[in-house]
Amino acid sequence: MRVLLIGANGYLGRFVADRLLADPAVQLTALGRGDDADVRFDLASGSPGALTRFLDAVHPGVVINCAGAIRGGARDLTRHNTVAVATVCEALRRSGCGARLVQIGCGAEYGPSQPGSSTAEDAIPRPGGPYGVSKLAATELVLGSGLDAVVLRVFSPAGPGTPAGSPLGRLAEALRRAMQSGDGELKLGGLGVQRDFVDVRDVARAVHAASLSAAQGVINIGSGRAVRLRDAVAVLARVAGYGGNLHELDGPPGPMRSAIGHPRNDPEHAAPVGHPYPDGCGSWQQADVRTARDRLGWRPRINLEESLADIWMEAACRI
């Protein structure tokens, strides 16, 4: 099977590439903006015609799009998450390769949900910020393209390689700094929110399964269990061997209160007012993952404690 992987150097893309390379039946070509991609191409600025010519030359059976942006203003997010996907869809429509498209979406497309509930694929999306809006627009483009396509809505990925700017990455970095400086008290804010964390290696397994399946439409990829951030930081502290006190600041982070693990006077890392979590999903999010089980034969295998241990191992290397 010839697979074209877009965004192979990103957080999710690296693990998807590793998973595909371990399959002897897969012939992998990586397309991206970096010098180490097999083919350099910028989806946000490249033309559909140029991508079509490449597709006709390579003739992949599956195209997997892991590319996109998670930070930036609305204009940048739209360019990298929506316009880029429009380019992929149009190129595939023009090409004679007939490739299947596996698009990586995100749980932020749903927006806030009722505490205690599990969000299924038929929920009406109401994204609470520009990131979720840009990803939802991309999903709608894929679903309306007429292509053989599936969108995997990945909830909160965790595990090795977790970006330092993500909530779990910030928690690990805060612990690292506290241990390095010998600080016996760590003050953290915004720990009341609950998210559905899924290990990035399990996400890669889901992408692999989706590329081999005939499933179409939207499929949630998550653990099926919401975890409070304060519980995650307690596990991180235990894994790290941190013997100090964890002091939780009351309420969500705001302009004068620290975002996760950052000083109150650091405006660069302050969480936006009105959203206790920068994905715009409110205080609770939990995936209903029955569709992934039924249509992909996929279940998460790696528990959150193992994911957190791997996050800490990378943070500890910086001590």
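## A helix under cover, a small sheet and its cysteines

The buried residues of helix α1 are covered by elements that include β1 (2-6), β2 (27-32), β4 (62-65), β5 (100-106), β7 and α6. This is a predicted model, so please read everything below in that light. Helix α1 itself spans residues 11-21, and its buried positions are Tyr-11, Leu-12, Gly-13, Phe-15, Val-16, Ala-17 and Leu-20. As a general reminder, an α-helix has 3.6 residues a turn, so residues three or four places apart point the same way.

### The three-stranded sheet

Two of the elements just named, β7 and α6, lead us to a sheet. Three strands make up this open sheet, in the order β7-β9-β11, and their pairing is mixed. At the edges sit β7 (156-158) and β11 (226-228), each of which pairs on one side only. From one strand to the next, the twist averages 55°.

What does "mixed" look like here, strand by strand? On one side, β7 and β9 (residues 194-199) pair in the parallel sense, over three bridges. On the other, β9 and β11 run antiparallel and are also joined by three bridges. If you would like to find these pairings in the viewer, here are some bridge partners to start from.

| Residue | Bridge partner | Strand of the partner |
|---|---|---|
| Pro-157 | Val-198 | β9 |
| Ala-158 | Asp-199 | β9 |
| Gln-194 | Arg-228 | β11 |

How many residues of β9 are buried? Six of its six are, which leaves this strand mostly covered. Cover is found on both faces: Gln-194, Asp-196 and Val-198 are buried on one side, and Arg-195, Phe-197 and Asp-199 on the other.

### Helices on the sheet

Helix α6 (residues 200-212) packs on the sheet, where it touches β7 and β9, and its direction makes about 65° with that of β9. Helix α7 (residues 229-240) lies across β9 and β11, running at about 70° to β11.

Helix α7 also has a helical partner, α5 (residues 167-181): the two pack at an angle of about 40°, with their axes 10 Å apart. The pair is therefore oblique, and the crossing is right-handed. On the α5 side, the residues that meet α7 are Pro-167, Leu-168, Leu-171, Ala-172, Leu-175 and Met-179. Facing them in α7 are Leu-229, Ala-232, Val-233, Leu-236, Ala-237 and Ala-240.

### Cysteines without disulfides

How many disulfides does a search of the whole structure find? The count is zero. Cys-281 is in no disulfide, as the nearest cysteine sulfur, that of Cys-106, lies 7.5 Å away, while a disulfide would need the two sulfur atoms within 2.5 Å.

Why is there no bond between Cys-89 and Cys-97? The sulfur of Cys-97 is the closest cysteine sulfur to that of Cys-89, but at 12 Å it is too far for a bond.

Are Cys-89 and Cys-281 buried or exposed? Cys-89 is buried, because its relative accessible area is 2% and the cut-off for buried is under 20%. Cys-281 is buried as well, with a relative accessible area of 0%.

Conventions
Residues numbered from 1 in each chain as written. Predicted model: local features only at pLDDT ≥ 70, side-chain atom pairs only at ≥ 80, totals over all residues. Heavy atoms only, no water. Pairing = 2+ DSSP bridges. Helix = DSSP H or I, 4+ residues; strand = E, 2+ residues; numbered from the N terminus. Axes fitted to C-alpha atoms, helices over the stretch in contact; angles between N-to-C directions. Contact = heavy atoms within 4.5 Å. Buried < 20%, exposed > 50% of the residue type's maximum accessible area, 1.4 Å probe, protein only. Parallel < 35°, antiparallel > 145°, perpendicular 65-115°, else oblique. Left-handed = near helix turned anticlockwise from the far one by under 90°.
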